[in-house]
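Me: I should like to learn how to read the features of a protein model. May we go through them one by one?

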Number of protein chains: 2
Amino acid sequence: MQHFPLMISSILQYAATAHGDREIVSRPVDEPLWRYNYAALAERAGRAANMIRQLGIGPGDFVSTLAWNTHRHYELFFAVPGAGAVLHTGNPRLSDEQIAYTINHAGSSVLMFERSFADLVQRLRPQLTQIRHFIMLADGDLPDMPGIELLGYEQLLAQEESLQDWPSFDENAGAILCYTSGTTSNPKGVLYSHRSIVLHAMASGLSSAFNFSAFDCIMPCSSLYHCTAWGVPFAAAINGAKFVLPGDKMDGESLQELIQSEGVTFSGGVPTIWTMYLEHLERTGEDAGKLTDLIIGGSAVPRAMAEKFQSKYGVAVRQLWGMTETSPLGVVATPTPKLAELGEDAVNEVIWTRQGRLQYGIELKVVDEQGERLPADGKSAGILMVRGPWTVERYFRNEDSALDADGWFDTGDIATLDEHGFMRITDRTKDVIKSGGEWVSSIDIENAAVSCPGVRLAAVIGVEHDKWGERPLLIVEPYPDAEVTMETMQEHLESRIVKWWMPDDMVIDVVPLTATGKIDKKVLRERYYTYLVERK
Amino acid sequence: MQHFPLMISSILQYAATAHGDREIVSRPVDEPLWRYNYAALAERAGRAANMIRQLGIGPGDFVSTLAWNTHRHYELFFAVPGAGAVLHTGNPRLSDEQIAYTINHAGSSVLMFERSFADLVQRLRPQLTQIRHFIMLADGDLPDMPGIELLGYEQLLAQEESLQDWPSFDENAGAILCYTSGTTSNPKGVLYSHRSIVLHAMASGLSSAFNFSAFDCIMPCSSLYHCTAWGVPFAAAINGAKFVLPGDKMDGESLQELIQSEGVTFSGGVPTIWTMYLEHLERTGEDAGKLTDLIIGGSAVPRAMAEKFQSKYGVAVRQLWGMTETSPLGVVATPTPKLAELGEDAVNEVIWTRQGRLQYGIELKVVDEQGERLPADGKSAGILMVRGPWTVERYFRNEDSALDADGWFDTGDIATLDEHGFMRITDRTKDVIKSGGEWVSSIDIENAAVSCPGVRLAAVIGVEHDKWGERPLLIVEPYPDAEVTMETMQEHLESRIVKWWMPDDMVIDVVPLTATGKIDKKVLRERYYTYLVERK
């Protein structure tokens with residue numbers, strides 16, 4: 001067989017040749033809607049690759065971005081790795097300090113950023129000592145940025161011819177670098193290779209996962225800077241689907257605009273975004289257009305939301321679990337024939353309460369604290385371990401492997417596996433509540449609490465307790481004008497959770513979220529860890 | 001990212017874990033229907049792997065089979081490569097001499113064969129000097145075979161424990177060896193690697209190709225011994241589909257039995273099989289059950305057959321083009337949105353008259369005799385060249401690369417590419433008719449001729465001509481009791497082909513077929529090459 005390396009450029013070339021006139025629509029910040037196709041994307045990405053080479057960037061070099069879900073950012077997904085360099089997609093939701101840390105840690109010599117990040121870049125400038133070129137991903141006049149010799153992306157592009165023959169090299173070469181959100185320490189980098197990205201793009205399009213076809217219109221609402229928007233930009237191209245980039249506007253109204261006008265059939269993102277979208281539909285009485293599939297990940301999907309999407313709007317909601325370290329495809333909650341035999345209610349129960357089922361290319365196992373495999377009975381919760389060709393081996397610029405002796409990666413999640421091959425996260429290892437030596441699942445309590453009328457967000461943390469070591473404390477953020485009392489909550493939870501898991505108390509507070517939209521339990525623990533002992 | 005080699009065993013392990021109870025049904029020769037599932041397949045394949053090791057077979061060794069589409073053969077697809085050896089799937093449709101040649105050329109030390117090949121093996125015995133173990137893929141009593149110390153597959157399996165941890169090794173190691181049918185010379189071997197088979201299994205399940213899901217029930221009617229039944233056995237497992245193995249009975253009634261009783265949704269094979277199946281449906285008045293998708297390849301699909309399947313039985317017929325050298329996925333004729341916009345008639349016209357559209361993982365180009373790329377206009381016919389990670393690099397035990405300097409493989413086909421990304425074969429290079437220095441497409445004439453009432457098979461060859469060098473001669477095999485005259489045929493062809501392509505004459509004869517069901521033009525040329533000159 002031919003030694004044919006799996007190159008990201010082959011995805012672009014395929015899309016341009018086989019689906020050249022399939023549309024790509026982008027909503028850049030403060031610019032009109034942009035509309036082109038895969039052939040034109042390849043043409044511009046080819047020019048961007050030559051632009052990067054002109055700047056002296058090649059194999060071994062790194063290019064950082066601070067950018068939204070826009071077509072220019074998408075072009076760089078192909079142009080930078082295609083030119084043999086590594087694209088570091090900076091996460092603007094991190095703190096200034098962390099953003100500067102990641103750009104410096106990556107060792108980037110070029111920073112490309114959207115106009116809306118001019119102030120941020122100006123602030124970071126003194127710390128970005130390795131950056132040789134600052135390029136604004138913009139057209140037209142550039143702002144004056146003191147101390148920065150600013151270049152314009154469109155101006156540079158206009159000077160270049162398009163690269164015709166993309167180079168072929170070692171498929172294990174680094175391609176895209178993403179950092180974890182790092183709530184407890186400095187963000188850690190995960191370097192995706194050409195090989196891992198191509199394999200992930202092939203596997204994620206299969207019917208067990210995203211089930212993409214050329215007839216789909218796909219709009220990723222997870223961020224391009226956060227584990228490559230789940231690899232959807234590559235999977236969309238490899239399947240020749242229409243592709244819609246929503247820019248920076250993820251509110252319900254802005255998403256609805258594109259869903260309706262572009263005929264979006266598939267989207268995905270964190271629950272917060274889809275809660276807002278559902279609120280928009282409920283408020284306006286509009287329908288969801290051609291939208292049929294929503295993949296939701298990042299944190300557990302509220303069952304009530306999934307149910308409403310399905311029953312009222314005909315949109316199938318499927319959970320996804322993954323992490324930066326798994327590129328991120330881990331499991332997706334798509335039905336199986338065995339499940340379907342049990343009837344619609346049973347299907348929904350599993351699909352809406354499990355993170356998803358096993359996918360080809362990523363092996364899962366659940367082990368106890370001694371490393372012994374636990375049975376796949378849907379009850380035995382243990383440490384979730386994974387391995388496969390798109391799972392991290394070691395963190396970027398780290399000398400130590402991130403794996404155990406048998407090549408498994410500890411996800412930091414506590415989970416169960418069931419007889420249908422479905423996995424359910426019950427906790428994060430670091431959020432685990434150990435009460436009287438037994439584990440309490442904070443996520444199970446949160447899921448039950450959030451379905452209580454009036455509750456917008458719910459968080460459960462383990463707090464200090466004289467007798468039991470730790471006990472669960474419930475923090476509730478109600479909807480504006482809604483009232484939630486301890487009595488109604490207790491009544492609501494009683495039939496829904498294990499009896500001894502009942503939180504010892506409930507406080508009303510704003511639930512803090514991390515840069516990626518997850519509940520920031522670290523902040524809550526700092527705030528409330530001694531709450532029960534002090535209350536006495 | 002982890003260095004995780006792509007192993008065939010990972011497909012089996014995935015199917016056994018994620019779809020363990022999904023059924024596999026097999027119709028062994030002269031034995032009752034066999035029914036088990038992916039978990040049991042993995043268990044038995046694991047025992048077969050240990051059996052192979054017990055025989056002293058491992059890396060560097062070859063195992064040949066002479067077997068039908070049965071579960072035992074399927075087990076060997078995983079067991080032999082899984083144990084690090086290479087499985088050579090012998091083609092029983094070749095001549096005795098060629099079968100012996102391929103087994104000896106492979107250098108196999110084990111031959112596993114079905115009971116129905118006992119006579120064949122007995123005949124070949126004197127030539128098979130390298131075979132150390134003869135194993136009959138059978139249960140129960142074994143026949144007496146003089147000069148052969150015969151072992152029984154089931155007896156050997158019963159003595160083994162199942163292999164639990166499949167070994168991991170270089171993904172570029174050889175896994176399965178297939179020989180081309182070799183009509184002009186000795187068959188040539190193509191050695192598939194673990195990597196090429198896994199990539200092919202992932203790509204062929206995508207919606208642009210076979211569009212498999214766990215809900216499918218898949219029955220391959222192409223032979224497991226002929227380019228691994230198009231890789232379907234692996235693609236079915238990777239998608240967790242129900243799998244039906246029809247044994248050696250490919251007649252209409254036998255297929256209908258399984259299609260009806262097992263709920264087959266997807267099948268594939270050469271046109272001859274599906275012509276017989278359609279004749280069965282027409283004769284009995286039965287319907288096609290749950291069958292929705294037929295992929296037909298090996299030679300061009302008669303349009304009338306596709307039309308009848310679609311309009312009368314609701315079965316979508318899609319062509320596939322590929323060859324042993326391409327594992328075999330080349331193109332598949334699935335619709336695209338751009339095509340769909342043109343309406344149903346236009347879709348059918350393209351789907352039924354083109355071999356298929358571009359797939360990710362295999363690049364196509366059409367070049368003229370000077371090697372220059374021809375435009376994708378649907379008209380410019382040229383030499384079809386391919387490359388990609390599951391395309392041959394060199395033939396087995398051959399020192400020379402089979403590729404040109406840029407890594408392209410000459411398919412030996414003449415084809416066009418059109419603006420929708422669809423490819424159409426117009427001829428084989430060796431069947432090309434050069435009349436007055438211009439190419440005549442024998443396939444176009446055959447397709448037109450076979451749609452003439454009364455015609456069962458039609459072949460066109462170039463025969464010697466004093467003035468034009470060569471001219472087309474039409475050979476027609478009518479249906480029993482049907483009559484086809486030169487006059488009716490001329491009338492039929494007039495509006496359907498280029499005027500100067502009109503065959504100079506037509507003869508009525510049985511159209512000979514090769515071992516893989518293709519028209520054997522070599523035989524026809526030997527018989528008729530001087531027909532026109534001698535007729536004068």
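**Reading helices, sites and symmetry**

Reply: Let us begin with a pair of helices in this predicted model. Helix α1 (residues 8-18) of chain B packs with helix α2 (residues 38-54) of chain B at an angle of about 140 degrees, and their axes are 7 Å apart.

Me: Which term describes how α1(B) and α2(B) lie to each other?

Reply: Angles over 145 degrees count as roughly antiparallel and 65 to 115 as roughly perpendicular, with oblique lying between these ranges. α1(B) and α2(B) are therefore oblique to each other. In addition, α1(B) passes α2(B) in a left-handed crossing.

Me: Which residues make the contact between α1(B) and α2(B)?

Reply: From α1(B) come B:Leu12, B:Ala15 and B:Ala16, while α2(B) contributes B:Tyr38, B:Ala39, B:Leu41, B:Ala42 and B:Ala45. In this contact of α1(B) with α2(B), eight residues are nonpolar, none is polar and none is charged.

Me: How does one decide between buried and exposed, for instance for B:His420?

Reply: A residue counts as buried under 20% relative accessible area and as exposed over 50%. B:His420 has a relative accessible area of 12%, so B:His420 is buried. B:His420 is found in the loop between β19 (409-417) and β20 (422-428) of chain B. Apart from its neighbours within four places in sequence, B:His420 is in contact with A:Ala18, B:Lys338, B:Leu339 and B:Leu342.

Me: Where is B:Glu477 found, and is it buried or exposed?

Reply: B:Glu477 is found in strand β24 (residues 469-478) of chain B. With a relative accessible area of 13%, B:Glu477 is buried.

Me: With which residues is B:Glu477 in contact, leaving aside its neighbours within four places in sequence?

Reply: The contacts of B:Glu477 are with B:Val455, B:Arg456, B:Leu457, B:Asp509, B:Val510 and B:Val511. One of these, B:Asp509, is 32 residues apart from B:Glu477 along the chain, yet their C-alpha atoms are separated by 5.4 Å.

Me: How should the two chains be compared?

Reply: Two copies of a chain are related by a rotation about an axis and a shift along it. Here, a turn of 180 degrees and a shift of 0.0 Å along the axis lay chain B on chain A with an RMSD of 0.1 Å. This is the relation of a two-fold axis. The same surface serves both copies, as 100% of the contact residues of chain B recur in chain A.

Me: Which residue of chain B comes closest to the rotation axis?

Reply: Among the residues of chain B, B:Leu206 comes closest to the rotation axis, at 2.8 Å (C-alpha).

Definitions and conventions:
Residues are numbered from 1 along each chain as its sequence is written. Chains are lettered from A and ligands numbered from 1 in the order in which they are written. This is a predicted model: local features need pLDDT of at least 70, side-chain atom pairs count only at pLDDT 80 or more; totals for chains, interfaces and linings use all residues. Side-chain values use heavy atoms; hydrogens and water are left out. Axes are lines fitted to C-alpha atoms, for helices over the stretch in contact, and angles run from 0 to 180 degrees between N-to-C directions. Helices (H or I, at least four residues) and strands (E, at least two) are DSSP runs, numbered from the N terminus. Angles under 35 degrees count as roughly parallel, over 145 as roughly antiparallel, 65 to 115 as roughly perpendicular and the rest as oblique. A crossing is left-handed if the near helix is turned anticlockwise from the far one by less than a right angle, and right-handed if clockwise. Contact means heavy atoms within 4.5 Å. Ala, Val, Leu, Ile, Met, Phe, Trp, Tyr, Cys and Pro count as nonpolar, Asp, Glu, Lys and Arg as charged, and the others, Gly among them, as polar. Buried means under 20% relative accessible area, exposed over 50%, partly exposed in between (1.4 Å probe, protein chains only). Copies are superposed by least squares on the C-alpha atoms of residues with pLDDT of at least 70 in both.
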